Amino acid sequence: MKKRALSVVLTAALAATVLAGCGGKTDAPAQEQAASKQEPQESAQPEQEPSGESIDISAAEEGAGEVAITYANFNASGGNEETLQKMYEAFHAANPNITVNIETIGYDDYFTQMQTRVAGGTAPDCYELNIENFAAYANKGVLAELTGIDVSGYNATALSAFQVNGSQYGVPGNFSNVVLIYNKDLFDQAGASYPDDSWTWDDAMAACEKISALGDDIYGIYQPITFNEFFKVAAQYGGSVLNEDRTAFTINSPENLQAAQMMIDKIVVTNVQPTESQMGGMGDWDLFESGRLGMIPTGIWAFGAFTDACDFNWDICVEPGGTKKATHFFSNALVVNKDSDKKEAAAAWINWLASSDEAAKMRIEAGWDLPAISDNSVLSGYLEITPPDNRQAVFDSLNYLAAAPIIEEYSLMADIITDKLSLAAAGELTAEEALNQAQDECSAQIKLQ
């Protein structure tokens with residue numbers, strides 16, 4: 001078998017941090033496009049204590065005085081400025097006393113500007129943060145506690161992502177996640193049963209063998225050999241890269257070895273996943289769109305591209321598990337500046353933007369990620385769009401979220417582990433040797449709590 005050196009681009013951009021995604025083209029919203037190249041640099045273990053200050057938005061909503069607020073965001077920069085403006089116009093019609101001055105900033109510049117503005121005391125009244133930057137900002141004590149808003153309409157899982165020690169410091173403006181996308185036609189040709197939510201990786205590997213047997217240029221699966229896939233697959237086998245109190249690395253645990261072995265064997269043993277040379281310069285999405293790939297775990301933002309490019313039948317399900325399920329999760333928080341003197345109006349705006357039926361319907365109609373709400377009747381419009389037929393799997397996956405093990409030296413940790421796994425994927429190390437070396441290097445180079 002030809003060897004492959006798999007790598008992930010790991011860069012750091014000031015305080016900008018994003019949970020890493022799972023490959024694919026850059027058709028995703030801005031925060032997800034950056035997911036494969038941005039790594040957290042600050043601890044995600046916020047220690048901010050609740051401020052005790054209650055934000056009562058009822059007066060702001062009832063029109064007690066004219067007020068103008070500023071709202072900064074990056075997510076609309078992917079072509080949804082018009083949709084965001086329509087959302088604001090609907091909000092303003094219902095709350096004519098509140099004027100919102102919207103600033104939409106490109107993702108590449110957004111966190112540089114926000115870092116400067118927060119440090120200089122000129123941050124907007126409310127703004128958007130990706131999930132890891134939320135933790136960093138909360139840790140700095142710059143966010144207002146949201147104690148006076150109705151959160152009953154939110155998806156409980158998404159809402160809990162923006163709590164600190166049980167207190168709410170942000171609301172989920174949207175969400176997206178990762179599912180298993182599969183080529184139904186290849187499964188039919190191989191005589192394999194379609195994957196479902198009960199599948200383990202053993203089931204997936206059996207199907208991969210059947211699909212790969214269809215031809216020399218057909219492969220069962222593509223799953224990036226990166227740290228960001230590894231920590232998730234490790235969680236699927238009951239493992240983690242840190243102990244529970246994050247005081248020691250556990251990279252070479254038996255559970256993690258089982259996960260790494262499964263990932264590496266797909267390339268170096270069974271070759272149900274192509275090597276770099278076998279990819280022939282194609283990306284993983286390209287390979288799937290060509291009809292030569294049976295399965296690909298990737299983000300729900302792939303749906304539009306696959307709908308346009310695939311001339312075969314495909315569908316989705318929750319990712320396979322090892323001893324349990326685990327999946328990536330992406331969300332952006334909408335937060336209020338703790339130093340704003342217009343907190344009530346700011347909270348009223350972000351709560352409406354994130355949870356109102358009207359805003360949710362606009363978001364769905366525009367195909368602009370998903371509102372993190374619990375009202376299935378509002379979400380039904382999304383569920384009715386095909387393909388894929390099984391869009392319910394998007395929501396079912398929320399039951400199995402695996403959070404990135406974010407530490408101050410996250411980028412270095414991710415670099416070390418990815419490099420070692422890449423050597424194993426190239427056949428230069430065994431999976432066990434790769435994890436042992438990663439354990440030793442991380443322990444020697446990174447100081448934990």
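This is a guided tour of a predicted model, set out as a series of selections to make in the viewer.

**Strand 9 and its neighbour**

Begin by selecting strand 9, residues 314-317, where the side chains alternate: Trp 314 and Ile 316 point one way, while Asp 315 and Cys 317 point the other way, and all of them are buried. Now add strand 6, residues 171-183, which runs antiparallel to strand 9 and is joined to it by four bridges. To see one of the places where the two strands meet, select Tyr 182, whose bridge partner in strand 9 is Asp 315.

**Cysteines**

Keep Cys 317 in the selection and add Cys 208; are these two residues buried or exposed? Cys 208 is buried, with a relative accessible area of 0%, and Cys 317 is buried as well, with a relative accessible area of 2%. In general, a disulfide is a covalent bond between the sulfur atoms of two cysteines. In this model the count of disulfides comes to zero.

**Salt bridges**

Side chains of opposite charge can pair when their charged atoms come close, and a search of the whole structure finds seven salt bridges. Several of them can be visited in turn.

Select helix 3, residues 81-94, and show the side chains of Lys 86 and Glu 82, which are four residues apart in this helix and therefore separated by about one helical turn. The two form a salt bridge in which the closest N and O atoms are 3.7 Å apart. Lys 86 is partly exposed, at 45% relative accessible area, whereas Glu 82 counts as exposed, at 54% relative accessibility.

Next select Arg 292 and Asp 217, a salt bridge whose closest N and O atoms are 4.0 Å apart. Arg 292 lies in the loop between helix 12 (284-289) and strand 8 (293-299), and Asp 217 in the loop between helix 8 (201-212) and strand 7 (219-221), so this pair ties together parts that are 75 residues apart in sequence. Asp 217 itself is partly exposed, with a relative accessible area of 40%.

Then move to Asp 369 and Arg 363, which form a salt bridge with their closest N and O atoms 2.6 Å apart. In this pair both Asp 369 and Arg 363 are buried. Before leaving the salt bridges, select Glu 229, Lys 232 and Glu 319 together, since salt bridges that share partners join these three residues into one network.

**The largest cavity**

Arg 363 also leads to the next stop, as it is one of the residues that line the largest cavity. The structure holds two cavities of 30 Å³ or more, and the largest has a volume of about 70 Å³. To outline it, select Tyr 71, Asn 73, Asn 75, Leu 84, Glu 128, Gly 173, Asn 174, Leu 334, Leu 353, Arg 363 and Trp 368. The elements that give two or more residues to this lining are strand 1 (67-73) and strand 6. Colouring the lining residues by character will show that they divide into five nonpolar, four polar and two charged.

**A buried lysine**

Now select helix 18, residues 410-425, and find Lys 420 within it. Is this lysine buried or exposed? Lys 420 is buried, with a relative accessible area of 12%. Adding Phe 227 to the selection shows two residues that are 193 residues apart in sequence and 9.6 Å apart in space, taken from C-alpha to C-alpha.

**Backbone details**

Most residues other than glycine have a negative phi, and most peptide bonds are trans. The last selections are of residues that depart from this pattern.

In the loop between helix 16 (376-383) and helix 17 (392-396), select Pro 387, together with Pro 388, which lies in the loop between helix 16 and helix 17 too. The peptide bond from Thr 386 to Pro 387 is cis, with omega near -10 degrees, and the bond that follows, from Pro 387 to Pro 388, is cis with omega near 0 degrees.

Turn next to Asn 165, in the loop between strand 4 (163-164) and strand 5 (167-168). Its phi is near 50 degrees, a positive value in a residue other than glycine, and Asn 165 is exposed, with a relative accessible area of 52%.

Finish at Arg 246, in the loop between helix 9 (227-236) and helix 10 (254-268), where phi is again positive, at about 60 degrees, although the residue is not a glycine.

Technical notes. Residues numbered from 1 in each chain as written. Predicted model: local features only at pLDDT ≥ 70, side-chain atom pairs only at ≥ 80, totals over all residues. Heavy atoms only, no water. Buried < 20%, exposed > 50% of the residue type's maximum accessible area, 1.4 Å probe, protein only. Pairing = 2+ DSSP bridges. Disulfide = S-S within 2.5 Å. Salt bridge = Lys/Arg side-chain N within 4 Å of Asp/Glu carboxyl O. 1 Å grid on protein atoms, 1.4 Å probe; cavity = no way out; pocket = protein on both sides within 12 Å on 5 of 7 lines; lining within 4 Å. Points joined across faces, edges and corners; volume = space filled by probe spheres on them. Nonpolar A, V, L, I, M, F, W, Y, C, P; charged D, E, K, R; others polar.
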